[in-house]
Each structure stands twice: as structure tokens, then as C-alpha cells.
Amino acid sequence: MRSRFSVASIFSASFAILLWTGEAAGFCASVFETQQDHTLLGQVMETVNVTDEFECHRKCIQNNTCKSFNVHPPKSNAIKKTCELNNQTRQMKPKQYKKKIGSSYHGSVEVSCVNIMETNSQQKVGRCHPEYSRKQCTVKKGESPAFPGVSCKDIRESTNAQDNGEYWIDPKGTGLPFKVYCDMTTDGGGWLLVMNVIRGSSHSNKLSVVTSYRGISDYRSNNMVIATGAMKELYGYLNFQQIRFHCRKHSVGRTFHVVTAAHSSGNAVVQYFSGLTNVEPVSCGSYVRMDDDNSELARRCSEWNHGQSGKWSRSDRNWNYDVQRLYNHAAWILSKHHWDLVRRNPFECDDFRGAPSSGDFWKVFVR
């Protein structure tokens, strides 16, 4: 019997999905999976340098014989990543599929749910492959690149998601979804992680700067900071209303954890760190302290900024600061208590030049 099918492709920095219906195949979709810290050896047909996984994926899609690809981190003194186009998948060559820290493998995998149809804004339903006893498949918004949310807040409000973790979003609504981390529990949930630095035992002081909003999918690197331009781009699509700053430094026993307030003073902070204005916002009254905050910085807002002016950020424009607003002295009391990841002795959280230790973290969320 001849199969009837139609194909649509969707791709992102780490994902592509092909949907079709086929009587002979018995499946409804082939999904491009992502496997971190792995690579497929010996199947490379072309090697190119790329800016990110999205560019590598695009090159694979443009090559008719490409079935999967590997992405390796930049070599020493290099900026671009290495993209390897493969003519086989890990399922075809399982013995050649190996663990490799820092690299990622991307390849197609068949999935079983057929005749997917949207039933409402919260979920999609379809019949399952017979091996699943013909049960109904339910896909909630954000759980699949075939059904992404606009943001973490959108997913939380649509599905009442209760679990922190990875979800699929498509802020532009253009069919190019990507995976992000959502905090669905703190202060009502719906928080999108846009900056994530976690110190490890062998952590490098070199930060990975995200210059496009899609780069926030790199949060797993534990070394990701976001440039002001990328925040502005993201704000243009999501119009988020709050920013949450959260850092913890074990050596000093301090946690700085604040959320911008849901009024005009808090909105001024959002506007500033999203690059929509250069007017430094007033600190006092612009944020709410979270339950675990025990910082001197949050307690002494009137002393913030150079000259103790009581404002977020710094009063000068040194050190490429307009690009680095979220991670270069976003909040600080001169020579005492800083939120800072770049100057002198970096990685300061409510301290001044204190040595960081494994497990210390700096995170920024928006919703």
C-alpha cells in the first residue's frame, strides 16, 4: 500500500521536528533529539565552524545526506564552535556513540504518537502507536517542540505546571522553538532563567556571554550571562514585568534574593536592565526581599551605587558596562557588598573580593 505523507520542518539551536502521517510507517513523527556531553564518532562527512547549534542544525537540514550532527566547544583561542555533519545516527551506529564532556549530539528519533490534533490551548491529543495499547497521548504546552509555550509564565498559567525544569518556548511564534529552564515554584512560578553561573571545582573565570535571546538555552553550561542587547530583544517578544536576582555564596553565608516590585519603581528596574532606558532606577522600594534573603545589600538599599546614591547599577560607563548591566555591579555598596561577576576578584555575592567556592551561584530570572 502506498503511503501518503506531508512534511514540515521546525528547527532550533538544539531541535528539529518532522511531522508526517504514513500508513506504512506506523509512526507520526521523527524528532531531532539533543544529547549533552556525547558525540557520534567516525561518521563525519563535513566539518564547519559555527556560532551556535542553531547554525549547525541549519547546515544539516540543507544537506540531504545529513542525518545527525555533533557540536564541539571552541578550541583554545577560538571563538566559534566546531560543527560535524554525520551521515548516520546513534541508533544506526550505537557502538560509535560515546560520552564526550562539553560536546553535544543531535539526531533524529522516531516517536509514536499519531494523528496529533490540538484540542485546546493547554494540550494536544492523539492516538498512540499500538505498542502503547491505543491509549490517548496527551502533550501539554511546553513539553514538546511541537507544542511550545510563549514563555514560562504562559506555560505556568496555561497548564498549572508545578515542576521546575526544561520546557519548550517560542517567543516569536515563528515555529523555531528552543528549550529553556523554567522555575515553576518560586513566588508563584513562571520564571524564565536568563542568566546562570554556578561555580564548580574547576570553574573557569571566563563567562559565556549570550548576545541573542535564543542563547539562554545554553544555561546548562553553568557559565552563561546575558548581554543587555539580548535582554532587550527578549523583552520585545515577552514584555516581561519582573526580574529576579538570586545569588548565594557559601564562604560568607550570604544569599541575595530579590524580585522587582509589581509597580512603577519595579518596572523602572526592568526597563533599565532590558536596555530600554539609560536612567538608573532608584533602589529603595523597587524590590521585594524573598524569604531566604539575608543579604546586607538588600537591607541597605540607600547606600547602593558609587557615591551612595541609592540607585541600581553604576554611575559611570567604564568596562563595556552598557553590555554588562546584569552581571557587572547590578547592585552594590562601594567596597563592601557587591553583585558582580567581572571586576578584579570576580564572582561577588553580597561581599567584596571574597574567594568563591564550589556551589556558589548567580541566577537571573524574568516573567
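Start by selecting Cys-83: this residue is buried, with a relative accessible area of 0% (buried means under 20% relative accessible area, exposed over 50%, partly exposed in between, using a 1.4 Å probe and protein chains only). Now add Cys-56, which is also buried at 0%. A disulfide joins Cys-56 to Cys-83, with an S to S distance of 2.0 Å (a disulfide here is a pair of cysteine sulfur atoms within 2.5 Å). Cys-56 sits in helix H1 (residues 53-62) and Cys-83 in strand S6 (residues 81-86), so the bond ties together parts that are 27 residues apart in sequence. Helices (H or I, at least four residues) and strands (E, at least two) are DSSP runs, numbered from the N terminus. Look along the S-S bond and you have a right-handed link, at 70 degrees.

A word on what you have loaded: this is a predicted model, where local features need pLDDT of at least 70 and side-chain atom pairs count only at pLDDT 80 or more, while totals for chains, interfaces and linings use all residues. Residues are numbered from 1 along each chain as its sequence is written, and side-chain values use heavy atoms, with hydrogens and water left out.

**Zoom out**

Switch to cartoon and you should find five helices and 22 strands. Of the 367 residues in the protein, 50% are buried. Show the surface next: the protein exposes about 17100 Å², and carbon and sulfur atoms supply 48% of that (areas come from the Shrake-Rupley method with a 1.4 Å probe; for residues, only the protein chains shown count as cover). Among contacts between residues at least 6 apart in sequence, 56% join residues at least 24 apart, a contact being heavy atoms within 4.5 Å.

**More disulfides**

How many disulfides does a search of the whole structure find? It finds five. For another one, select Cys-247 and Cys-349, joined with an S to S distance of 2.1 Å. The torsion about their S-S bond is about 85 degrees, so this disulfide is right-handed. The pair links distant parts of the chain, with Cys-247 in strand S16 and Cys-349 in strand S21 (residues 348-351), 102 residues apart. Both Cys-247 and Cys-349 are buried.

Next, pick Cys-284 and Cys-301, whose sulfur atoms are 2.0 Å apart in a disulfide. This link is right-handed too, with 105 degrees about the S-S bond. Cys-284 lies in the loop between H4 and S18, and Cys-301 in the loop between helix H5 (296-299) and strand S19 (331-333). Is each end buried or partly exposed? Cys-284 is partly exposed, with a relative accessible area of 34%, whereas Cys-301 counts as buried at 15%.

**Into the core**

Show side chains for Leu-192, Met-195, Phe-245, Phe-256 and Trp-339, the residues with the most contacts inside the largest nonpolar core, which has 60 residues. (A nonpolar core is a set of buried Ala, Val, Leu, Ile, Met, Phe, Trp, Tyr and Cys residues joined through side-chain atoms within 4.5 Å.) Strand S13 (residues 191-198) gives the most to this core, with six residues. Center on Phe-245: its contacts beyond four places in sequence include Phe-256, His-257, Trp-312, Trp-339 and Lys-363. Apart from this core lies another, of nine residues, among them Val-50, Cys-60, Phe-69 and the Cys-83 where you began.

**Helix H3**

Select residues 228-238, helix H3, where Thr-228, Ala-230, Met-231, Leu-234, Tyr-235 and Leu-238 are buried. Sight down the axis of H3: its buried residues fall within an arc of 155 degrees, so they line one face of the helix. That arc is taken from the directions from the helix axis to the C-beta atoms. What do they pack against? Their partners include S13, strand S14 (208-210), strand S15 (223-226) and helix H4 (264-273). Just after H3 comes Asn-239, with a positive phi near 50 degrees.

**Strands S16 to S18**

Finish with the hairpin of S16 and S17, which has four residues between its strands; Gly-253 in the turn has a positive phi of about 65 degrees. The two strands run antiparallel, joined by six bridges (strands pair if DSSP finds at least two bridges between them). Find His-246 and you will see His-257 of S17 opposite. Six of the seven residues of S17 (residues 254-260) are buried, so this strand is largely enclosed by the rest of the structure. S17 also pairs with strand S18 (residues 287-289), antiparallel over three bridges, and there Val-258 stands opposite Arg-289.
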